[in-house]
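Let's take a walk through this protein together, from its charged pairs to its nonpolar interior. Please have the sequence and the viewer open as you read.

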Amino acid sequence: ESNTVWVNASSTLTINPGSVIKFGSAAGIIVEGTLLSEGTEELKIYLTSLKDDTVSGDTNGDGFASIPALADWIGIEFRSSSTGTISYTEINYAGAWAASNPAAIVNSGGNLDLEHLDFSNSNVNDIYQSAGTAVISRSQFSTSTSYAVSNTGSEVIDARNNWWGAIDGPTLPGADGEGGSGDTVGAEIATVPFLTAAPLAC
């Protein structure tokens, strides 16, 4: 965990608009305090793999020797009593948690406000919540994941007004034929109303 950024309970980490942060193996962000990653439509924030040359070029200087892949870096975990505000942020190639429910964003007890997020190539889940609360809106999710949003906590996740990759909405759990044909969500997640087209800018 020496490569991990720790945000202590009394601290705030602010990521400025337009920032590009690339993470190596076993790197990520663990939040016990406050994380503010607030980009803008013009100046998005990118959190991605060190091997990702599509953003800010060949940062690791190896040419074409390395190719980004699922679980290249850990992701972000919010622990008990933490807070997070993330907007206009792209999160790519995350989810290398040694856990049964890895995700790009793991909520283990935080209070999260997530808006205009764009996920790609997440490992298993884009967002997983075991405790805490989360409001997610105007975001779009990775098509390579098992679940766009998964929840085993006691609080329903408010995931209304998101684009799930299909005009008829997300695929819901179970085999009762309800829901749409888009990205899959777990139980205890509110998704209606949903967007019928991708947001102009995530």
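Is Arg79 buried, partly exposed or exposed? This is a predicted model, and every value below is computed from it. At 26% relative accessibility, Arg79 counts as partly exposed, because buried would require under 20% and exposed over 50%.

**Salt bridges**

Arg79 is a good place to begin. Glu32, Glu77 and Arg79 are linked in a network of salt bridges. One partner, Glu32, sits in the loop between β4 and β5 (34-38), while Arg79 is in the loop between β7 and β8, so this pair, 47 residues apart, links distant parts of the chain. Glu32 is partly exposed at 27% relative accessible area, whereas Glu77 is buried at 12%. A search of the whole structure finds 5 salt bridges, including these:

| Pair | Closest N to O distance |
|---|---|
| Glu32 and Arg79 | 3.6 Å |
| Glu77 and Arg79 | 3.4 Å |
| Arg160 and Asp158 | 2.8 Å |

In the last of these pairs, Arg160 is partly exposed, with a relative accessible area of 37%.

**The chain as a whole**

Now zoom out. The protein chain has 13 strands and 0 helices. Its C-alpha atoms fill a box of roughly 50 × 40 × 35 Å along the principal axes. Why can the chain be called compact? For 202 residues, a compact globule would have a radius of gyration near 17 Å, and the 16 Å of this chain agrees with that. Of the 202 residues, 47% count as buried. Among contacts between residues at least 6 apart in sequence, 56% join residues at least 24 apart.

**The nonpolar cores**

In soluble globular proteins, nonpolar side chains tend to be buried together. Here the largest nonpolar core has 33 residues, of which Ile76, Ile91, Ile105 and Val149 touch the most other members. Elements giving two or more residues to this core include β4 (28-31), β6 (45-49), β7 (75-78), β8 (83-92) and β11 (147-151). The top contributor is β9, with 6 residues. Apart from this core lies another, of 6 residues, among them Ile30, Trp97, Ala103 and Val106.

Take a closer look at Ile91. Not counting residues up to four places away in sequence, Ile91 touches Leu47, Trp73, Ile76, Ala104, Ile105, Asp118, Phe119 and Ser120.

**Buried polar and charged residues**

Asp118, one of the residues touched by Ile91, belongs to strand β9. Which side chain of opposite charge is nearest to Asp118? That is Lys44, 4.4 Å away; Asp118 is buried yet has no salt bridge, because a salt bridge needs the nitrogen and the carboxyl oxygen within 4 Å. The Asp118 side chain does make a polar contact with the side chain of Gln140 (3.4 Å).

Glu90 is in strand β8 and is buried, with a relative accessible area of 15%. Leaving aside neighbours within four places in sequence, Glu90 is in contact with Lys44, Ile45, Tyr46, Leu47 and Asp118.

Finally, visit Ser122, in the loop between β9 (103-120) and β10 (125-137). Ser122 is buried, with a relative accessible area of 0%. Its side chain makes a polar contact with the side chain of Asp126 at 2.6 Å. The C-alpha atoms of Ser122 and Thr34, which are 88 residues apart along the chain, are separated by 23 Å.

Notes
Residues are numbered from 1 along each chain as its sequence is written. This is a predicted model: local features need pLDDT of at least 70, side-chain atom pairs count only at pLDDT 80 or more; totals for chains, interfaces and linings use all residues. Side-chain values use heavy atoms; hydrogens and water are left out. Helices (H or I, at least four residues) and strands (E, at least two) are DSSP runs, numbered from the N terminus. Buried means under 20% relative accessible area, exposed over 50%, partly exposed in between (1.4 Å probe, protein chains only). A polar contact is a pair of N or O atoms within 3.5 Å; within protein, one must be able to donate a hydrogen and the other to accept it, and residues adjacent in sequence count only if both atoms are side-chain atoms. A nonpolar core is a set of buried Ala, Val, Leu, Ile, Met, Phe, Trp, Tyr and Cys residues joined through side-chain atoms within 4.5 Å. Contact means heavy atoms within 4.5 Å. Lys and Arg count as positive and Asp and Glu as negative; His and the chain ends are not counted. The radius of gyration is taken over C-alpha atoms; the globule rule is 2.2 Å times the number of residues to the power 0.38.
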